[in-house]
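Work through the exercises below with the sequence and the model in view. Try each task before reading its solution.

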Amino acid sequence: MSKIQPFNALRPAENFAAGVASRPYDVLNREEAKSEAAENPASFLHITKSEIDLPESVDIHDQAVYEKAKENLKAFIDNHILIKEEKPAYYIYQLIMNGKSQTGLVAVSSVDDYENDVIKKHEFTRPEKEQDRINHITVTGAQTGNVFLAYRDVDQLNQLIGDWKDQHPAIYDFVAQDGIRHTVWLVDNDEAISQISAAFENQVPQTYIADGHHRAASAAKVRKGLGADKTPAADYFLTTLFPASELQILDYNRVITDLNGLSTEEFLEKLSENFTVSPSTSPVKPTALHHIGLYIDHNWYELVAKPGTFDEQDPVGVLDISVLQKNVLGPILNIQDQRTDKRIDFVGGIRGLEGLTARVDSGEMVLAFSLYPVAIEQLFAIADSGNVMPPKSTWFEPKLRDGLLTHLIK
């Protein structure tokens, strides 16, 4: 069963909340982060992307970057931009995007649960991304990045969280520049905290990492690395837990640099062996499984996988990214490992089909594939089976903001 705890969050003073809150560190590059934090000394990007405060000659993984993050975090605390909660609490975090509301519970989850597979995974992690977060957590003594967990709905929890929202004022409520509304409630009542903790312990047998595999893995490795210096707080890591009914998974699309020596005509001919290929007069946003969009030479095509090209009984093999890997990326384009091959890149569905056409029309990429999004029950089934998804299979929106709630482990 799932073990969560309330915690003494480091969080913005109310008048600083909107300014502190920043997009997650891993969806921005250095230039984008620098632009977003420009003229905003309270932006949490000064902590999560502290390279923006150093000369561009300094590598983003240089030790100086982590030391700068520690220095900036201390300054935020000293200047009372960030304050520490006096008693352990839970937090309810609601996001509204395009009229759709999504509400989760912010807590710290057990590292033991992560290591014992009570917290289920569905992706492999990359060592260099892990090491970056390990360094950041170790030097700053803070988990600044949230791990996004999902669980199957529990009526009692839905009721508890809904009632608290209805009966208490929010501590933060603002609309970010991208139009997403962020609202946070403090749950500091001992009885409510006990009820929530007990509901997870008794009614939530497992949770699932929806987004944040690297942050979770790093938290576990930091705890191990601390050894005798470990604090009780290091036994837990920062999470926001969402019931499945609240979640929206967007498509996660692909762009490719070249055709592996083929002409466009040769490539389309090879595709027709395993797909029905039909030209489209409009951009192709797939509306069903096994329908894939292709953009190449300023033209869109719809690809429909033929029978026998996928296994309906295989929770991983049935995914369209698996169908694409098995029938296109591997045998035709010679992209065998999407995690390491530099010829492929990934575009989250939030950028729309325009994000794909722009990458191809600029000449940076040669072709793009648009995919049908993975369903949350597919994610659960894969994690329950002990399998992993192909990399970059799911894109969740809206994104949790960094800086609103931080977990200190030192």
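**Exercise 1: the open sheet**

Six strands make up an open sheet, in the order β15-β17-β16-β19-β14-β18, with antiparallel pairing. The model is a predicted one.

Task: State which strands are the edge strands, and give the average twist from one strand to the next.

Solution.
- Step 1. The edge strands, each pairing on one side only, are β15 (275-280) and β18 (344-348).
- Step 2. From one strand to the next, the twist averages 25°.

**Exercise 2: pairs of strands**

Task: For β15 with β17, find how many bridges there are and which residue stands opposite Phe275. Do likewise for β16 with β17 and His291, and for β16 with β19 and Tyr295.

Solution.
- Step 1. Six bridges hold β15 and β17 in an antiparallel pair. Ala305 in β17 stands opposite Phe275.
- Step 2. β16 and β17 also run antiparallel, joined by six bridges. Here Val304 in β17 stands opposite His291.
- Step 3. On β16 (residues 291-296), four bridges lead to β19 (residues 367-370), again in the antiparallel sense. Tyr295 has Ala368 in β19 opposite.
- Step 4. As background, strands of a sheet pair through backbone hydrogen bonds, in a parallel or an antiparallel way.

**Exercise 3: a helix on the sheet**

Task: Name the strands that helix α12 touches, and give the angle between its direction and that of β19.

Solution.
- Step 1. Helix α12 covers residues 352-361 and packs on the sheet.
- Step 2. The strands touched by α12 are β14 (252-256), β16, β17 (299-305), β18 and β19.
- Step 3. The direction of α12 makes about 165° with that of β19.

**Exercise 4: backbone details**

Task: Locate Asp297 and Asn260 and give the phi of each. Then find the residues joined by a cis peptide bond.

Solution.
- Step 1. The hairpin of β16 and β17 has two residues between its strands, and Asp297 in this hairpin takes a positive phi near 50°.
- Step 2. Asn260 lies in the loop between β14 and α10 (264-271). The phi of Asn260 is near 60°, positive although the residue is not glycine.
- Step 3. Glu397 and Pro398 are joined by a cis peptide bond, with omega about -5°. Pro398 is placed in the loop between β20 (395-396) and β21 (407-408).

**Exercise 5: a salt bridge**

Task: Give the number of salt bridges in the structure, then describe the one between Asp26 and Arg215.

Solution.
- Step 1. There are 24 salt bridges in the structure.
- Step 2. In one of them, the side chains of Asp26 and Arg215 meet at 2.9 Å, N to O.
- Step 3. Asp26 is in the loop between α1 and α2 (30-37), and Arg215 is in helix α9 (residues 213-226). The pair links distant parts of the chain, 189 residues apart.

**Exercise 6: the second largest pocket**

Task: Describe the volume and the lining of the second largest pocket.

Solution.
- Step 1. The second largest pocket holds about 310 Å³ of space.
- Step 2. Its lining has 15 residues, and those closest to the centre are Ala18, Ala21, Glu36, Gln177 and Arg401.
- Step 3. At least two lining residues come from each of α1 (17-20) and β9 (172-175).
- Step 4. Sorted by class, the lining has six nonpolar, five polar and four charged residues.

Methods
Residues are numbered from 1 along each chain as its sequence is written. This is a predicted model: local features need pLDDT of at least 70, side-chain atom pairs count only at pLDDT 80 or more; totals for chains, interfaces and linings use all residues. Side-chain values use heavy atoms; hydrogens and water are left out. Two strands pair if DSSP finds at least two bridges between them. Axes are lines fitted to C-alpha atoms, for helices over the stretch in contact, and angles run from 0 to 180 degrees between N-to-C directions. Contact means heavy atoms within 4.5 Å. On a 1 Å grid over the protein atoms alone, a cavity is a set of points where a 1.4 Å probe fits but cannot get out, and a pocket is an open set with protein on both sides within 12 Å along at least five of seven lines; lining residues have an atom within 4 Å of a point. Grid points are joined across faces, edges and corners, and a volume is the space filled by probe spheres set on the points. Ala, Val, Leu, Ile, Met, Phe, Trp, Tyr, Cys and Pro count as nonpolar, Asp, Glu, Lys and Arg as charged, and the others, Gly among them, as polar. A salt bridge is a side-chain nitrogen of Lys or Arg within 4 Å of a carboxyl oxygen of Asp or Glu.
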